[in-house]
Amino acid sequence: MGTGAAPSTRWGRIACLWAATFAGLHFYWALGGDVGLSISAGPLATERPLWFVVAGLWGVGALCLLGTLLAWLLARPRLRGVPALLARWLGWGASALLLARGLGIEVLLLTHTTPLDTSVSVAQRAWTLALWNPWFIAGGLAFGLAALRSARHTDAEPPPTSRG
């Protein structure tokens, strides 16, 4: 049951799709869409202060587009040298941030380590536990596996020869 993608590029493609989907969702919200925003952002979804729209929606969407580019680079089987090394390090960094965010918030909510702000509704908490945190964990795993497979692919293959 193959996907047609080589194992070394599959995770980069999955991370690319993950980041593009997340970017699209943030741009949808930035343009006025509201499906799912209230369970993600709580009262900010209805108030929509300028800083939230600019930084939290357009800004995060732009970062996700950069993540899409990074994942695309990690999926390139012929990436070598400093660009490959930089892409792998950034892939590991993205993985660490996404996993820390997803797992960290999940643990805090499940263990009741910190009291919840009164503006966080029960529905928002439930959706965060069931959808948003697993989404971040999935993205973190995809970027980590893309970085890992990218390293294995470029290390296992000899550099391309120049034809003259």
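# Six helices, questioned

Reader: What makes the length of α4 fit what is expected at 1.5 Å a residue?

Author: Start with the count: α4 has 25 residues. From its first C-alpha to its last it reaches 34 Å, close to the 36 Å expected. The 36 Å follows because the expected span takes 1.5 Å times one less than the number of residues. Keep in mind that you're looking at a predicted model.

Reader: And how do you know that α5 agrees with its expected span?

Author: Do the comparison again: α5 has 31 residues, which should span 45 Å, and its end C-alpha atoms sit 44 Å apart, so the two agree.

Reader: Where does α4 bend, and by how much?

Author: At Gly-59, by about 30°. That angle is taken between axes fitted to the seven residues ending there and the seven starting there.

Reader: How confident is the predictor, and where is confidence lowest and highest?

Author: The mean pLDDT of the protein is 84, and 83% of its residues reach 70 or more. Among the details, helix α2 (residues 37-41) has the lowest confidence, with a mean of 80, while helix α4 (residues 50-74) has the highest, at 96. Where pLDDT is low, the predicted coordinates should not be read in detail.

Reader: Which pattern does the protein follow along the sequence?

Author: It reads α-α-α-α-α-α, with six helices and zero strands.

Reader: Why is Trp-18 called buried?

Author: Buried means under 20% relative accessible area. Trp-18 has 8% relative accessibility, so it counts as buried. You'll find Trp-18 in helix α1 (residues 7-30).

Reader: What is Trp-18 in contact with, leaving aside its neighbours within four places in sequence?

Author: Leu-98, Trp-135, Phe-136, Ala-138, Gly-139 and Phe-143. Take Ala-138: it is 120 residues from Trp-18 in sequence, yet their C-alpha atoms are 8.4 Å apart in space. Across the protein, 72% of the contacts between residues at least 6 apart in sequence join residues at least 24 apart.

Reader: How do you know that Trp-132 counts as buried?

Author: Same kind of check. Trp-132 has 10% relative accessibility, and the cut-off is under 20%, so it counts as buried. Trp-132 lies in helix α6. Not counting neighbours within four places, its contacts include Phe-22, Leu-25 and Trp-29. Phe-22 also touches Cys-64, Trp-135 and Phe-136.

Reader: Why is Trp-72 called partly exposed?

Author: Exposed means over 50%, and buried means under 20%, with partly exposed in between. At 43%, Trp-72 falls between those cut-offs, so partly exposed is the label. Trp-72 is in helix α4, and its C-alpha is 8.9 Å from that of Thr-9, although 63 residues separate the two along the chain.

Reader: Which residues of α4 are buried, then?

Author: Phe-52, Val-53, Leu-57, Gly-61, Cys-64, Gly-67, Thr-68, Leu-70, Ala-71 and Leu-74. Over the protein, 37% of the 164 residues count as buried.

Reader: Which residues touch the most other members of the largest nonpolar core?

Author: That core has 29 residues, and Trp-18, Phe-22, Leu-37, Leu-57, Leu-74 and Phe-143 touch the most other members. Two or more residues each come from α1, α2, α4, α5 (81-111) and α6 (122-156). The largest share, nine residues, is from α1.

Reader: How do you know that Cys-16 and Cys-64 are buried?

Author: Cys-16 has a relative accessible area of 19%, which is under 20%, so it is buried. Cys-64, at 9%, is therefore buried as well.

Reader: How many disulfides does a search of the whole structure find?

Author: Zero. A disulfide needs a pair of cysteine sulfur atoms within 2.5 Å, and the search turns up no such pair.

Reader: What makes the phi of Arg-48 worth a look?

Author: Arg-48 has a positive phi of about 45° although it is not a glycine. Most residues other than glycine have a negative phi. Arg-48 is found in the loop between α3 (43-47) and α4. Its relative accessibility is 22%, which is not under 20% and not over 50%, so Arg-48 counts as partly exposed.

Reader: Which residue takes a positive phi just after α5?

Author: His-112, with a phi of about 55°.

Methods: Residues numbered from 1 in each chain as written. Predicted model: local features only at pLDDT ≥ 70, side-chain atom pairs only at ≥ 80, totals over all residues. Heavy atoms only, no water. pLDDT = per-residue confidence, 0-100. Helix = DSSP H or I, 4+ residues; strand = E, 2+ residues; numbered from the N terminus. Buried < 20%, exposed > 50% of the residue type's maximum accessible area, 1.4 Å probe, protein only. Contact = heavy atoms within 4.5 Å. Core = buried A, V, L, I, M, F, W, Y, C linked by side-chain atoms within 4.5 Å.
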